[in-house]
Amino acid sequence: MRRIVIVCAVMLTSALVLGQTDLLTVAEKTDYESTSGYNDVMAFINKLKSTSSYIRVESPARTIEGRDLPLMIIANPVPKSPEDLKNDSRIVIYIQANIHAGEVEGKEATLMFVRDLLKDKNPSILKNIVLLICPIFNADGNEKFSIQNRTYQNGPKNGVGVRYNDQFLDLNRDAMKAESPEIKGIITNVLNRWDPAVFMDCHTTDGSYHVEPTTFTWMVNPDGDNSLIAYMRDKMMPEMSGTLFNKYKVENCFYGEFSDMLAPEKGWFFDSSEPRYLTNYIGLRNRLAILNENYVYADFKSRVNGCYYLIKSLTDYINLHKDEIKIMLKAVDRKTVNRGLNPAVTDSFAVEYNVRPVPSPVTIKTFEAELVSEANGRRNFRRTDRQRTVTIPYYIDYYPVKNVKLPFAYIVDIPDPEVIGLLRIHGIKLEKLESITKIIVERFNITELKGESRLNQGHYTNSIKGSFIHDTIEFQSGTVVVRMAQPLANLAAYLLEPESNDGLMTWNYLDRYLVPQWGSGYNPYPVYKVLNKLDIKTVEINK
Ligand SMILES: [Zn+2]
């Protein structure tokens with residue numbers, strides 16, 4: 001019953017939109033039976049460019065198959081480069097869609113949103129916002145349309161693309177190792193250059209049954225600044241949820257999955273905590289991030305509609321709160337730098353964490369599920385028509401259970417071009433020792449190093465055990481030093497800490513250095529920690 005009400009609301013909205021323009025997305029033109037191809041997206045953007053002076057397009061990356069990813073820069077006036085924004089009061093936000101190219105409503109919704117925004121001669125939100133949008137992030141995956149992809153998804157019936165890029169990489173697991181041209185491009189040419197304050201990544205759900213067509217959540221990794229996580233949890237996300245429902249009439253809830261489909265009262269879980277996921281990665285960079293997940297069993301039109309109004313709810317919020325956000329992010333950057341200048345005993349990095357419920361429960365309008373089959377530990381369910389509203393704990397508060405000390409600096413004692421190259425892609429500030437220098441360090445003594453037995457994103461990912469011991473080591477002139485007095489210090493620590501679950505060690509960047517060529521045991525972990533403030537003579541490495 002409730003679903004019928006939602007569908008009617010969607011039809012009304014689209015009718016209004018359709019009446020205002022002759023430029024339609026593929027989804028609109030086909031009554032939501034198809035989604036846009038890469039050429040459709042580019043043609044749509046070119047049409048927008050020809051009719052508005054508020055849009056400029058850059059290409060932050062070229063895919064393996066040679067497609068230039070479009071980045072729409074929408075502003076009044078449009079900055080020629082990020083340098084134009086140095087003394088500008090506007091805030092930069094970045095919305096990305098189609099990272100998983102079978103999850104297509106964000107692609108249609110972002111295009112519709114820009115079109116409708118630019119219809120206005122003087123869009124009021126552009127007084128405060130510079131909007132960056134990449135509607136088709138996994139462009140190669142998008143072109144592999146098939147009706148065999150995501151067969152359980154409720155449309156579009158003429159098929160969607162695939163999840164991975166041409167390297168068979170899931171781009172939403174690539175944020176830390178940055179092996180794909182798409183991720184490398186977005187980090188270097190969007191995040192490092194434009195430094196967006198707020199990021200939103202658009203997806204489609206895969207699991208639990210519920211009424212709400214639109215769900216979303218925030219960055220969660222506890223090694224990101226906790227005041228930013230609290231701001232999202234306590235203020236921005238609840239307010240956006242209220243706007244989406246009250247102003248735009250879209251039912252929504254925070255994103256998660258039932259831990260037990262047959263017993264929803266056990267809780268609503270969000271289990272993607274590592275920074276390999278882009279939203280968590282953005283959190284480590286001291287910026288705000290939203291994960292949008294549209295409900296897979298809602299019809300395509302409702303999903304596009306929900307995503308469209310979520311973007312409106314986001315821009316409404318930013319329009320009202322941009323000064324507050326800019327001041328907050330600046331303060332957090334300053335706090336991070338100051339911490340690195342003279343780390344306190346209590347400054348720590350979580351190498352293990354667990355999850356518990358946040359203070360406020362969530363309300364989900366679910367449908368009871370029935371068990372269809374069970375084999376090899378896998379259970380298959382069927383949705384019933386028995387709708388049931390539950391208010392249950394939301395397990396999304398990730399908290400440390402094992403910490404190590406955050407240092408004053410890391411010393412990377414291997415001149416490995418891939419390691420140094422990766423740190424540079426992330427925009428981490430690197431320096432080198434001016435001369436041979438003896439330094440008191442903590443070095444990590446490895447007692448166990450294990451690769452997973454099954455490949456994950458092309459890697460036998462490692463885990464490591466060991467302990468830190470004091471040592472005094474003479475480092476060669478030119479050895480790389482990563483000081484923690486920089487805004488990207490949390491990201492640097494996540495990449496460099498030996499016991500990190502998503503760093504250089506995890507993704508095999510250090511493999512060849514860890515085991516001696518002869519004999520047994522392990523070499524020292526090649527990244528050392530300078531724990532306390534120390535006068536080290538360094539020079540900045542030229543970019
Ligand atoms: Zn996805």
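## Helix α7 and its neighbours

Here, contact means heavy atoms within 4.5 Å. With that in hand, look at helix α7 in this predicted model: the buried residues of α7 pack against four strands, namely β5 (198-204), β6 (214-218), β7 (252-254) and β10 (288-294), and also against helix α9 (300-341). Which residues of α7 are buried? They are L228, I229, Y231, M232, M236, M237, M240, S241, T243 and L244.

As for its geometry, α7 covers residues 226-246, 21 residues in total. From first C-alpha to last it reaches 29 Å, close to the 30 Å expected at 1.5 Å a residue. Still, there's a bend of about 40° in α7, and it sits at M232, one of the buried residues listed above.

## The zinc site

Next up, the metal. The zinc ion gets its donors from H100 (ND1), from E103 through two OE entries, and from H203 (ND1), at 2.0 to 2.8 Å. Why is the arrangement irregular? The four donor atoms subtend angles of 51 to 152° around the zinc ion, and a tetrahedral label would need all angles to lie between 85 and 135 degrees. For reference, the ideal angle for four tetrahedral donors is 109.5 degrees.

## Where the donors come from

Along the sequence, the donor residues follow the spacing H-x2-E-x99-H. E103 and H203 link distant parts of the chain, 100 residues apart: E103 lies in the loop between β3 (91-97) and α4 (105-119), while H203 belongs to strand β5. E103 is buried, at 3% relative accessible area, and H203 is buried too, at 2%. Strand β5 also turns up among the elements that the buried residues of α7 pack against.

Key
Residues numbered from 1 in each chain as written. Predicted model: local features only at pLDDT ≥ 70, side-chain atom pairs only at ≥ 80, totals over all residues. Heavy atoms only, no water. Helix = DSSP H or I, 4+ residues; strand = E, 2+ residues; numbered from the N terminus. Expected span 1.5 Å × (residues − 1). Bend = angle between axes of the 7 residues up to and from the residue. Buried < 20%, exposed > 50% of the residue type's maximum accessible area, 1.4 Å probe, protein only. Donors = N, O, S within 2.8 Å, 3.2 Å for Na, K, Ca; no water. Tetrahedral: all angles 85-135°; square planar, octahedral: opposite > 155°, others 65-115°.
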